[in-house]
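Work through the following exercises with the sequence and the 3D view side by side, and try each task before you read its solution.

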Amino acid sequence: MTDVLVTPTPTLNGEIQALSSKNYTTRYLLVAALAEGTSTIYYPAHSEDSDAMRRCIRDLGATVEEDEEKIVITGFGRNPKDVKELDVGNAGAVLRFLMAIASLCPEVTFVNRYPDSLGKRPHSDLIDALGQIGVQVTHNEGKLPITIKGGQAKGGKIQVSGAVSSQFLSALLFLTPLLAEDSEIEVLNDLKSKVVVGQTLEVLEQAGIVIHASEDLMSYRIPGGQSYEAKTYIVQGDYPGSAAILAAAAVTQSDVIVHRLAEKSKQGERAIVDVLRMMEVPLTHDNDIVHVKGNGKLKAVEFDGDQATDAVLAMVAAAVFAEGTSRFYDVENLRYKECDRITDYLNELRKAGANVEERQSEIIVHGRPEGVEGGVEINAHYDHRVIMALTIVGLRSKQPIRIRDAHHVAKSYPIYFDHLKALGANVEWVE
C-alpha cells in the first residue's frame with residue numbers, strides 16, 4: 001500500500017513527542033564515525049536519510065550498535081575501509097557529506113538508485129571544490145553515478161559556491177580538519193540555508209573540532225591535522241517534520257501538544273512557531289512544548305523562507321486557508337530538492353483547488369479561508385516534504401484527496417501518518 005487517502009477532518013486533539021532531528025542525527029553519526037574511539041548518540045532519528053548514513057558509515061568501517069534509545073559507534077577516524085561502492089539511497093545530504101569523506105579512500109563509486117529524484121540533482125559545485133584540493137572525480141555531468149579517487153587530498157585555499165546548497169560547504173567543513181595542511185574556504189555567490197551551516201558548526205565544535213568562521217559565514221580558516229573526539233550526543237526534536245503537524249493543527253479546530261521542541265534551537269525551521277503566531281494562530285511555546293489551540297482562522301504573512309527551507313511547504317499549506325495574500329520569498333533553493341518544490345508542489349496544490357502563483361524564487365498564495373474543493377488524486381513527486389504538506393491541505397478540503405506514493409514520507413518521518421491518526425486525522429493507506 002503506497003497511496004494515502006486524506007479525508008477532511010474538522011478537529012485534531014492530543015499529544016505527541018516530536019520526532020528526533022534528522023539533520024542533527026546524520027551529522028552526529030558522521031562525526032562519531034570520524035572519531036577514533038566510541039561515541040554514544042541518544043534519541044537518534046529513524047528515517048531513510050539517517051538509515052542511509054548508518055549503512056554507509058558501517059560500510060566504511062565503523063561499528064554501529066543500537067537499542068531503543070541510543071546508538072553506540074566506534075569510529076574509523078581518518079582511515080575508512082577501502083570500499084568500492086556506497087549506496088546512499090535517496091539522501092542528498094548523506095551523499096554530499098560522504099563524497100568529501102570518500103576522498104580519504106582509494107576509490108569509491110556512489111551508485112544511482114533513484115534516477116528520478118537524487119539522480120537528477122546537481123553536485124558540480126562540490127566536485128569543483130574537491131578538485132581544488134587534489135581529489136579526482138568522475139561523474140555524469142555533475143550527477144550520479146559519481147566516482148571519487150581519493151588519497152591525494154591536501155589542504156589549501158578552496159572556493160565553493162553556496163548558491164545551490166549549503167551542503168557542499170558542510171561537506172568540506174567535515175573533511176578539511178582531517179587533512180595535514182591548514183585550509184581556507186571562501187564561499188562564492190551566495191550561501192543558501194545559513195542556519196543549517198550553523199548546525200554543522202555546532203556539531204563540529206561539540207566533536208572537538210576548531211573552525212574559525214567569519215560572522216557572515218562566507219569564509220573559514222580550518223587548522224589541519226585535527227582529530228575528532230569520541231563524545232556523547234543527545235539529539236533534539238525535529239522542527240522540519242513537526243512543522244507539518246503544527247500547520248495541520250493550525251488549519252483545523254484543534255488542541256494539539258508537541259513535546260521536545262527546544263525554544264532556543266539552532267534549527268531554522270523553528271520559525272514555523274513564529275510564522276503561525278504571525279498568522280494569529282493561538283499557541284504557546286514553553287518548556288520545549290508547543291501547544292496549538294487552532295480555530296481554523298489564519299491571517300496572511302510575508303516571510304523570507306531561506307532561513308527555514310524545510311518548513312516552507314507546510315507554511316504554504318497553512319497559507320492556502322489564510323485570509324489575504326501570503327508571500328514566501330528567497331526560496332529558489334526549493335527548486336533543487338527531491339523535486340522542484342516550487343513548480344511541482346504548486347501544480348498539485350492547484351489540482352486540489354488552491355490559488356497559488358510562482359516566481360523564480362517566490363511562492364504567492366491567495367488564501368481561501370472557506371477551504372478548497374479537493375476530490376482529486378495528486379502526485380507527491382517522491383518527495384517527503386510535499387507529501388506532508390499536501391496532507392495538511394486534504395484535512396481542510398471539501399472532498400478527500402488521494403496522495404500517490406505517500407510511502408516516501410519515510411525519508412524523514414516514517415510515522416507521520418501514525419502521528420496524525422493519533423491526533424484524530426482521517427488518513428488511511430489504500431491500494
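A disulfide is counted when two cysteine sulfur atoms lie within 2.5 Å of each other. The model used here is a predicted one.

**Exercise 1.** Determine how many disulfides the model has, and explain why C56 is or is not part of one.

*Solution.* Begin with the bond itself: a disulfide is a covalent bond between the sulfur atoms of two cysteines. Next, look for the cysteine sulfur closest to that of C56, which belongs to C105 and is 11 Å away, so the two are too far apart for a bond. Seen from the other side, C105 is likewise in no disulfide, since its nearest cysteine sulfur is that of C56. By this rule, the count is 0 disulfides.

**Exercise 2.** Decide whether C56 and C105 are buried or exposed.

*Solution.* The cut-off for buried is a relative accessible area under 20%. C56 has a value of 0% and is therefore buried, and C105, at 1%, counts as buried too.

**Exercise 3.** Describe the open sheet that contains β10, and find the bridge partner of V160.

*Solution.* First, write down the strand order, which is β10-β11-β13-β12 for the 4 strands, with mixed pairing. The edges are then β10 (157-162) and β12 (212-213), each of which pairs on one side only. Going on to the neighbour of β10, we find that 6 bridges join β10 to β11 (residues 183-191), and that these two strands run parallel. Finally, V160 has V187 in β11 as its bridge partner.

Terms used: Residues numbered from 1 in each chain as written. Predicted model: local features only at pLDDT ≥ 70, side-chain atom pairs only at ≥ 80, totals over all residues. Heavy atoms only, no water. Buried < 20%, exposed > 50% of the residue type's maximum accessible area, 1.4 Å probe, protein only. Pairing = 2+ DSSP bridges.
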